[in-house]
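This report describes the fold, the buried contacts and the charged groups of one protein chain. The sequence and the structure are shown first.

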Amino acid sequence: MKKIISVFLMAILCFTAISPASAAFEVSDQELQSLYTQQARDLERASSYFAVRMVWASAGRDGELEFGFEVGCPRTMNRLGALEIEIMRKSGDNWIPVKTYKYTDSGMDYLYASDDATHTEAIYFQGTVGRDYFAYITLKAEDDDGSDTRIMLTNVVTAED
């Protein structure tokens with residue numbers, strides 16, 4: 001019995017080590033690919049709260065990067081949008097966190113809307129030209145009956161001149 005519990009706890013530890021919740025730490029290229037695979041499976045999972053969940057990253061001029069999201073729900077939610085956007089930068093074979101935006105930060109409350117069924121927003125980040133970036137975006141929809149939270153990864157984008 002102790003062996004079963006030990007194996008179970010080790011499995012939880014391994015899963016936690018590569019889950020998006022560990023984004024405050026470095027992530028290897030291999031772990032990133034695993035997270036993209038996990039996200040693809042998650043998109044197939046039904047949600048009574050989210051009808052649409054999309055995230056993206058795009059490059060502008062002079063190193064400016066856009067990280068955005070779109071969420072849609074089948075009905076009006078009390079709150080809807082992004083709780084957090086954490087930007088990661090490629091460093092060797094790993095990805096390191098470089099900036100986190102939270103809807104509770106000053107001037108960022110627009111990320112998490114009230115009394116709406118759809119919400120689309122983006123933040124802009126000044127990257128270093130030639131460096132690769134992606135972001136974890138934590139999406140949430142909540143109403144009087146409960147809530148659903150999903151962590152999604154944007155595509156990788158290279159900051160351009």
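Along the sequence, the protein chain follows the pattern α-β-α-β-β-β-β-β-β-β. The model is a predicted one. Its secondary structure amounts to two helices and eight strands. Of the 161 residues in the protein chain, 39% are buried. Among contacts with a separation of 6 or more, 66% are between residues 24 or more positions apart. The accessible surface comes to about 9,000 Å², and carbon and sulfur atoms contribute 52% of that area.

**Buried positions**

Two buried residues illustrate contacts across the sequence. Val 27 belongs to strand β1 (residues 27-28). It counts as buried because its relative accessibility is 3%, which is under the 20% cut-off. Beyond residues up to four places away in sequence, Val 27 touches Leu 32, Leu 35, Met 88, Asp 93, Asn 94, Trp 95 and Tyr 136. One of these partners, Asn 94, is 67 residues from Val 27 in sequence, while their C-alpha atoms are 5.4 Å apart.

Ala 82 is located in strand β3 (residues 64-91). With a relative accessibility of 0%, Ala 82 is likewise classed as buried. When neighbours within four places in sequence are set aside, the contacts of Ala 82 are Phe 69, Tyr 103, Leu 111, Tyr 112, Ile 137, Thr 138 and Leu 139. The C-alpha atoms of Ala 82 and Asp 109 are 9.5 Å apart, with the two positions 27 residues apart in sequence numbering.

**Salt bridges**

How many salt bridges does a search of the whole structure find? The search finds four. The table lists some of them.

| Acidic residue | Basic residue | Closest N to O distance |
|---|---|---|
| Asp 143 | Arg 75 | 3.1 Å |
| Glu 84 | Lys 102 | 3.9 Å |
| Asp 148 | Arg 150 | 3.1 Å |

Arg 75 forms its salt bridge with Asp 143. This pair links distant parts of the chain, since Arg 75 is in strand β3 and Asp 143 is in strand β6 (residues 132-143), 68 residues apart. Arg 75 is partly exposed at 33% relative accessibility, whereas Asp 143 is buried at 13%.

Glu 84 forms a salt bridge with Lys 102. Distant parts of the chain are linked here as well: Glu 84 is in strand β3 and Lys 102 in strand β4 (residues 94-102), 18 residues apart. Glu 84 is partly exposed, with a relative accessible area of 24%, and Lys 102 is partly exposed at 37%.

In the salt bridge between Asp 148 and Arg 150, Asp 148 is buried with a relative accessible area of 12%. Arg 150 is also buried, at 4%.

**Negative patch and backbone angles**

Which residues form the negative surface patch? The patch consists of Asp 62, Glu 64, Glu 160 and Asp 161. Asp 161 is placed in the segment after β8 (157-158), and its relative accessibility of 69% makes it exposed. Asp 62 sits in the loop between β2 (52-59) and β3. Asp 62 is exposed as well, with a relative accessible area of 58%.

The backbone of Asp 62 has a positive phi of about 55°, although this residue is not a glycine. Asp 115, another residue other than glycine, has a positive phi near 50°. Asp 115 is found in strand β5 (residues 112-126) and counts as exposed at 58% relative accessibility.

Technical notes: Residues are numbered from 1 along each chain as its sequence is written. This is a predicted model: local features need pLDDT of at least 70, side-chain atom pairs count only at pLDDT 80 or more; totals for chains, interfaces and linings use all residues. Side-chain values use heavy atoms; hydrogens and water are left out. Patches are made of residues with over 30% relative accessible area and no salt bridge: like charges are joined within 9 Å, nonpolar side chains (Val, Leu, Ile, Met, Phe, Trp, Tyr) within 5 Å. Accessible areas come from the Shrake-Rupley method with a 1.4 Å probe; for residues, only the protein chains shown count as cover. A salt bridge is a side-chain nitrogen of Lys or Arg within 4 Å of a carboxyl oxygen of Asp or Glu. Lys and Arg count as positive and Asp and Glu as negative; His and the chain ends are not counted. The place of a charge is taken as NZ of Lys, CZ of Arg, CG of Asp or CD of Glu. Helices (H or I, at least four residues) and strands (E, at least two) are DSSP runs, numbered from the N terminus. Buried means under 20% relative accessible area, exposed over 50%, partly exposed in between (1.4 Å probe, protein chains only). Contact means heavy atoms within 4.5 Å.
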